[in-house]
Amino acid sequence: MHLDDNGQQLDPLLPGYSFNVYLVAGMTPIIENGPLDFFIDRNKGMSGFIINMTVKGQGKVFDGEEAFITEPGDLLLFPPDAVHYYGRAPQSANWYHRWVYFRPRAYWANWLKWRHQVNKVGRLTLSDKAVINEFDDLFQQIEQTHKAGRRSSEDLAINLLERLLIRCFEETPENRSKPIDLRIEEACQYLSRNLAEEVNLDDVARHVCLSPSRLAHLFREQMGVNILRWREDQRIILAKHLLQSTCSPIAKVAGLVGYDDQMYFSRVFRKRVGTSPSIFRKTSEGSPVQCVDAVGADSFADFLGSQN
Ligand code: FCB
């Protein structure tokens, strides 16, 4: 049985699975005339990204002029607005592919813009056997780590996925030039150091010696997202961590990540994570190993200091 008590599909390999998660990984072994031998057809795309790698046989992506074949060592990246239409290539007896579905961290933007695309789907071919094995291994580690049921399984799996994406970036020959602008890197660090403060665009611009409009433009160009949205994502990532690893009241967590108004924080949190901060805390696996409170700290930096 792959259905839960409410009739929801629990198996991501079968149609109907909701993908209402931050990360899920698997391997789809398609054999001619077997139960998985159908075309995945998601014509509106998905809410998250998918990266996949063919490990055996051949797959076919799209129909008509845009159709192409994927073989062992070929990677594909589907951004949220890309159409998914793929299955076993008719001439191949099977198609095995590993995949990870994920919602990216904001600072990953650079690694998610693949140079070669067909219909928005990024393509990368690995030809070196050792590199193919390394990638195959990484995919497996992501899946196993995520399924291990540890307290930080998801964070560890996301950490491995980040490595996979960075390796894809490195393996793309054209990416060997044009590193990220140092002023944008400094802007990210400045914002991260001051997540609890109400730093505005003018302050950041002054700090990195750019005009506010130039900073906004360059940030979006280089990071792929708006600067304030980037900071919001970082705040929510930190809030998730604090909710899981401390027993500080929610108002305190809100303050530590830059929201003086707890109601507003809860609204943003719910919009980004899908549940309220308190439900997120309750449903996070395990309870804090040691109940650490952040009371007394005025900033996240203070909080970290008070733990040493
Ligand atoms: C599975 C597919 C796989 C990927 C995941 C998200 O059902 O087999 O290719 O699309 O869903």
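Me: Before we look at β6, what does buried mean here?
Reply: Happy to start there. Relative accessible area is taken with a 1.4 Å probe on protein chains only; over 50% is exposed, and values in between are partly exposed. Buried means under 20%.

Me: What kind of model is this, and how are residues numbered?
Reply: It is a predicted model, where local features need pLDDT of at least 70, side-chain atom pairs count only at pLDDT 80 or more, and totals for chains, interfaces and linings use all residues. Side-chain values use heavy atoms, leaving out hydrogens and water, and residues are numbered along each chain as its sequence is written, from 1.

Me: Which residues of β6 point the other way from Asp74, Leu76 and Phe78?
Reply: Strands are DSSP runs (E, at least two residues), numbered from the N terminus. β6 covers residues 74-78, and five of its five residues are buried. Asp74, Leu76 and Phe78 point one way, and the other way point Leu75 and Leu77.

Me: Which residue of β6 is the bridge partner of Asn52?
Reply: Two strands pair if DSSP finds at least two bridges between them. β3 (residues 49-57) and β6 pair in the antiparallel sense over four bridges. The bridge partner of Asn52 in β6 is Leu76.

Me: And which residue in β10 stands opposite Leu75?
Reply: β6 also pairs with β10 (residues 121-125), antiparallel and over four bridges. Opposite Leu75 stands Leu124.

Me: Which are the edge strands of the open sheet of four strands?
Reply: The order of that sheet is β2-β7-β4-β5, with antiparallel pairing. Each edge strand pairs on one side only, and they are β2 (40-42) and β5 (68-70).
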